[in-house]
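Here are some notes to read alongside the model, in numbered points. I hope they are handy when you have the coordinates open.

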Amino acid sequence: MSDGERLPKGLRKLVSALTLEDKLRKFRYAHEREPRNDEELNTFILEVARELYNADYDEWPEDEDEELA
């Protein structure tokens, strides 16, 4: 995400709610591998956060919920 990109408040809240450990866990769950670099990790998290935001989520689902999706 570029510094010039302005995200809606709710989307910024979703992205900033995760620790690095949370982001890595979600990436590993989705891709069954480590991210190649920070950019790949951040791009993935932003894409998932946008999907949640567009579906009117205001927080991340619990890990058990991710397995059901």
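**Notes on the predicted model**

1. Let me begin with a loop residue: Asp56 sits in the loop between α3 and α4 (63-68). The model is a predicted one, and in it the phi of Asp56 is near 70°, a positive value in a residue other than glycine. Asp56 is exposed, with a relative accessible area of 70%.

2. A second residue belongs beside that one. Glu32, in the loop between α2 and α3, has a phi near 55°, again a positive value in a residue other than glycine. With a relative accessible area of 74%, Glu32 is exposed.

3. Now for the overall layout. The protein has four helices and zero strands, and its elements run α-α-α-α from the N terminus on. Of the contacts between residues at least 6 apart in sequence, 52% join residues at least 24 apart.

4. On the surface side, the accessible area of the protein comes to about 5300 Å², and carbon and sulfur atoms account for 46% of it. Of the 69 residues in the protein, 29% are buried.

5. Which residues touch the most other members of the largest nonpolar core? They are Leu11, Ile45, Ala49 and Trp60, in a core of 14 residues. The elements giving two or more residues to this core are α1 (9-16), α2 (20-31) and α3 (38-54). The most comes from α3, which gives six residues. As general background, nonpolar side chains in soluble globular proteins tend to be buried together.

6. Ala49 is a good place to look inside that core. Setting aside neighbours within four places in sequence, Ala49 is in contact with Leu11, Leu14, Val15 and Trp60. Two of the names there, Leu11 and Trp60, are also among the core residues that touch the most other members.

7. Helix α1 is worth viewing along its axis. Its buried residues are Leu11, Leu14 and Val15. Why do they lie on the same side of α1? They cover an arc of only 95° around the axis, so they share one side of the helix. Lys9, Lys13 and Ser16, on the other side of α1, are exposed. The cover over the buried residues of α1 includes α2 and α3.

8. Lys23 may catch your eye if you are thinking about charges. This residue is in helix α2, and Lys23 is buried yet has no salt bridge. How far away is the nearest side chain of opposite charge? That side chain is Asp22, 8.9 Å away. Not counting residues up to four places away in sequence, Lys23 touches Val15, Leu18, Leu41, Asn42 and Ile45. Of these, Val15 is one of the buried residues of α1, while Ile45 is one of the core residues that touch the most other members.

9. The whole structure holds four salt bridges. One of them pairs the side chains of Glu34 and Arg28, at 2.6 Å from N to O. Glu34, at 45% relative accessibility, counts as partly exposed. Arg28 also counts as partly exposed, at 36% relative accessibility.

10. Two further salt bridges involve Glu40. The side chains of Arg33 and Glu40 meet at 2.5 Å, N to O, and those of Glu40 and Arg36 meet at 3.0 Å, N to O. Is Glu40 buried or exposed? Glu40 is buried, with a relative accessible area of 17%; the cut-off for buried is under 20%. Arg33 is partly exposed at 30% relative accessibility, whereas Arg36 is exposed at 67%. Salt bridges that share partners join Arg33, Arg36 and Glu40 into one network.

11. To close, here are two buried residues with charged side chains to view one after the other. Glu40 is buried and meets Arg33 in a salt bridge, whereas Lys23 is buried and has no salt bridge.

Notes:
Residues numbered from 1 in each chain as written. Predicted model: local features only at pLDDT ≥ 70, side-chain atom pairs only at ≥ 80, totals over all residues. Heavy atoms only, no water. Core = buried A, V, L, I, M, F, W, Y, C linked by side-chain atoms within 4.5 Å. Buried < 20%, exposed > 50% of the residue type's maximum accessible area, 1.4 Å probe, protein only. Contact = heavy atoms within 4.5 Å. Arc of directions from axis to C-beta. Areas by Shrake-Rupley, 256 points an atom, 1.4 Å probe, with all protein chains shown as cover. Lys, Arg positive; Asp, Glu negative; His and termini not counted.
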